[in-house]
Amino acid sequence: MDIKESIEKAVATIAQDKALQEQFKTDPVEAVQKLLGVELPVDVLEKIVAGVKAQLTAGQLAGAADALKKLF
């Protein structure tokens, strides 16, 4: 399984699903494993979780920056 592909799939799904967002906040490893539907070693899951967190945070920052641009 490609880690980059898994991260992209997880980000796209989590960004659109409020329940999954809440689960990701409380137990990100379990949320990603449930989302992907496959058993993966914990170290691989942790890499995917880190990538998902980074992309979600970057997306939130971009959204905040866009909102600020509209103010000026």
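Does serine 6 count as buried or exposed, and at what relative accessibility? Serine 6 counts as buried, because its relative accessibility is 4%, below the 20% limit that defines the buried class. The legends below refer to a predicted model.

**View 1. Overall fold of the chain.** The chain contains four helices and zero strands. Along the sequence the order of elements is α-α-α-α. Of the 72 residues in the chain, 28% are buried. Among contacts between residues at least 6 apart in sequence, 53% join residues that are at least 24 apart.

**View 2. Serine 6 in helix α1.** Serine 6 belongs to helix α1. Its side chain reaches the backbone oxygen of aspartate 2 at a distance of 2.9 Å. Serine 6 is also among the residues touched by isoleucine 48.

**View 3. Packing of helix α1 against helix α2.** Two packed helices are described by the angle between their axes and by the distance between the axes. For α1 (residues 3–16) and α2 (residues 18–26), the axes come within 5 Å and cross at roughly 115°. The crossing therefore makes α1 roughly perpendicular to α2. From α1, the residues Thr13, Ile14, Ala15 and Gln16 take part, and they meet Lys18, Leu20, Gln21 and Phe24 of α2. Sorted by class, this contact has four nonpolar, three polar and one charged residues.

**View 4. Packing of helix α2 against helix α3.** The axes of α2 and α3 (residues 28–36) come within 5 Å, and their crossing angle is roughly 135°. At this angle α2 is oblique to α3. On the α2 side the contact is made by Leu20, Gln23, Phe24 and Thr26, and on the α3 side by Pro28, Glu30, Ala31, Val32, Lys34 and Leu35. By class, the contact of α2 with α3 has six nonpolar, two polar and two charged residues.

**View 5. Buried and exposed positions of helix α3.** The buried residues of α3 are Pro28, Ala31, Val32, Gln33, Leu35 and Leu36. Lysine 34 is found in α3 as well, but it counts as exposed because its relative accessibility is 58%. The C-alpha atoms of lysine 34 and leucine 20 are 9.6 Å apart, with these positions 14 residues apart along the chain counted as their sequence separation. Glycine 37 follows α3 and has a positive phi, near 70°.

**View 6. Valine 32 and its surroundings.** Valine 32 is located in helix α3 and is buried, with a relative accessible area of 0%. Leaving aside residues up to four places away in sequence, valine 32 touches Phe24, Leu45, Ile48 and Val49. The C-alpha atoms of valine 32 and isoleucine 7, which are 25 residues apart along the chain, are separated by 9.0 Å.

**View 7. The largest nonpolar core.** This core has 15 residues, of which Ile14, Phe24, Val32, Ile48 and Val52 touch the most other members. The elements that contribute two or more residues to the core are α1, α2, α3 and α4 (42–71). Isoleucine 48 touches Ile3, Ser6, Ile7, Val32, Leu36 and Leu40, with residues up to four places away in sequence not counted. Phe24, a member of the core, also takes part in the contact of α2 with α1 and in that of α2 with α3.

Terms used. Residues are numbered from 1 along each chain as its sequence is written. This is a predicted model: local features need pLDDT of at least 70, side-chain atom pairs count only at pLDDT 80 or more; totals for chains, interfaces and linings use all residues. Side-chain values use heavy atoms; hydrogens and water are left out. Axes are lines fitted to C-alpha atoms, for helices over the stretch in contact, and angles run from 0 to 180 degrees between N-to-C directions. Angles under 35 degrees count as roughly parallel, over 145 as roughly antiparallel, 65 to 115 as roughly perpendicular and the rest as oblique. Contact means heavy atoms within 4.5 Å. Ala, Val, Leu, Ile, Met, Phe, Trp, Tyr, Cys and Pro count as nonpolar, Asp, Glu, Lys and Arg as charged, and the others, Gly among them, as polar. A nonpolar core is a set of buried Ala, Val, Leu, Ile, Met, Phe, Trp, Tyr and Cys residues joined through side-chain atoms within 4.5 Å. Buried means under 20% relative accessible area, exposed over 50%, partly exposed in between (1.4 Å probe, protein chains only). A polar contact is a pair of N or O atoms within 3.5 Å; within protein, one must be able to donate a hydrogen and the other to accept it, and residues adjacent in sequence count only if both atoms are side-chain atoms.
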